[in-house]
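Hi everyone, thanks for coming. I'll talk you through one model today, so please have it open and follow along.

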Amino acid sequence: MSKGAPELEWLEGDVPRAPGFGDTYFSKAGGLEETRHVFIGGNRLSDRLPGRKSFTIAEFGFGTGLNFLTTLHMMTALEEGPDLMFLSFELYPLSADQLERALAAFPELSGLADALIGSWAPGPGWNRMKIAGAELLLGVGDARQLISDLASGGGPEAGGRTVIPAVDAWYLDGFSPAKNPELWDPDLLANAAGLTAPDGTLATYTAAGWVRRNLQAAGFAIEKKPGFAGKREMIVGRKT
């Protein structure tokens, strides 16, 4: 079951913070740069996207949509980019006004942000949006149930069944594992691995030991990398 728009605190620079989780939606040191370092760099997308006809990215924690929009922005620089399907899970979708306020901090994304906000009316279950040529499938509800349905052959239906391609890259961007352990749950990560293409990858900002162990148990080879903005470590992974 999904929830209503969350109550937010707004820190300096209009960085949104979820008081219920004690965590911000993106880094106070620079959300755009964080996404580029952790998720785009961690999944080596600049090397992997050129030459592909299609590519599927999945994400836990849609939040402000910053990761999605930053990915689209990066793809505009490609001479010939792939068709993108972006699958994301969010229990507490922001309101359009909250999205607009948060994304105003990133003027270089303004055109893409306007397109997202103009299409934004998520309800419980699966929501399909077409943004700048990319297909966004947003699952609103408990990610554990939604991904379990996908793993068992269920999934989004809107005007007919949508076939979800194998996931090429994961953005694991839930709130802090200590405050939001549900998005780092062993069964959830095992289902994620089951939906991942051979040699599919993942990246996340956290390097918590129990998260690494859960990912390894799910079937990913894990490697530590330098984190963003002074954070000592983050992790990347590859489906084995």
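Let's start at Ala134, which is in contact with Phe68, Leu72, Leu84 and Met129, leaving aside neighbours within four places in sequence; contact here means heavy atoms within 4.5 Å. Before going further, a word on the model: it is predicted, so local features need pLDDT of at least 70 and side-chain atom pairs count only at pLDDT 80 or more, while totals for chains, interfaces and linings use all residues. Residues are numbered from 1 along each chain as its sequence is written, and side-chain values use heavy atoms, with hydrogens and water left out.

Back to Ala134, which is found in strand E7. Strands, labelled E, are DSSP runs of at least two residues, helices are H or I runs of at least four, and both are numbered from the N terminus. Is Ala134 buried or exposed? Ala134 counts as buried, because its relative accessibility is 2%; the cut-offs are under 20% relative accessible area for buried, over 50% for exposed and partly exposed in between, with a 1.4 Å probe and protein chains only. Now look for Pro82: the C-alpha atoms of Ala134 and Pro82 are separated by 9.3 Å, with the two positions 52 residues apart along the chain.

Next, Glu135, which also lies in strand E7, residues 134–140. With a relative accessible area of 18%, Glu135 is buried. What does Glu135 touch, not counting residues up to four places away in sequence? The list is Leu84, Met85, Phe86, Arg128, Met129 and Lys130. One of these, Arg128, forms a salt bridge with Glu135, with the closest N and O atoms 3.2 Å apart. By salt bridge I mean a side-chain nitrogen of Lys or Arg within 4 Å of a carboxyl oxygen of Asp or Glu. The partner, Arg128, is partly exposed at 39% relative accessible area. As a reminder, side chains of opposite charge can pair when their charged atoms come close.

How many salt bridges does the structure hold? There are ten. Another one joins Arg144 to Asp142, where the closest N and O atoms are 2.8 Å apart. Arg144 is partly exposed, with a relative accessible area of 36%, and Asp142 is partly exposed too, at 25%. Then there is Glu233, whose side chain meets that of Lys224 in a salt bridge at 3.7 Å, N to O. Glu233 is buried at 19% relative accessible area, whereas Lys224 counts as partly exposed at 41%. Add Arg232 and you have a network of salt bridges linking Lys224, Arg232 and Glu233.

On to the helices. Please find H1, residues 31–40, and H3, residues 66–75: their axes come within 10 Å and cross at roughly 75 degrees. That makes H1 roughly perpendicular to H3. The axes are lines fitted to C-alpha atoms, for helices over the stretch in contact, and angles run from 0 to 180 degrees between N-to-C directions. Under 35 degrees counts as roughly parallel, over 145 as roughly antiparallel, 65 to 115 as roughly perpendicular, and the rest as oblique. From H1, the contact with H3 is made by Gly31, Leu32, Thr35, Arg36, Phe39 and Ile40, and from H3 by Leu66, Asn67, Thr70, Thr71, His73 and Met74. The residues of this contact of H1 with H3 divide into five nonpolar, six polar and one charged. Here Ala, Val, Leu, Ile, Met, Phe, Trp, Tyr, Cys and Pro count as nonpolar, Asp, Glu, Lys and Arg as charged, and the others, Gly among them, as polar. H3 is mostly covered, with nine of its ten residues buried; among them are Phe68 and Leu72, both of which we met as contacts of Ala134.

Now compare H4, residues 96–103, with H5, residues 110–118: their axes come within 10 Å and cross at roughly 175 degrees. That makes H4 roughly antiparallel to H5. Ala96, Leu99, Glu100 and Leu103 of H4 make the contact with Ala113, Leu116 and Ile117 of H5. The residues of this contact divide into six nonpolar, no polar and one charged.

Last stop, the backbone. Most residues other than glycine have a negative phi. Asp14, in the loop between strands E1 (9–11) and E2 (15–18), has a positive phi of about 55 degrees. Asp199, in strand E9, residues 196–204, also has a positive phi, near 65 degrees. Asp14 counts as partly exposed at 28% relative accessibility, and Asp199 counts as partly exposed at 49%.
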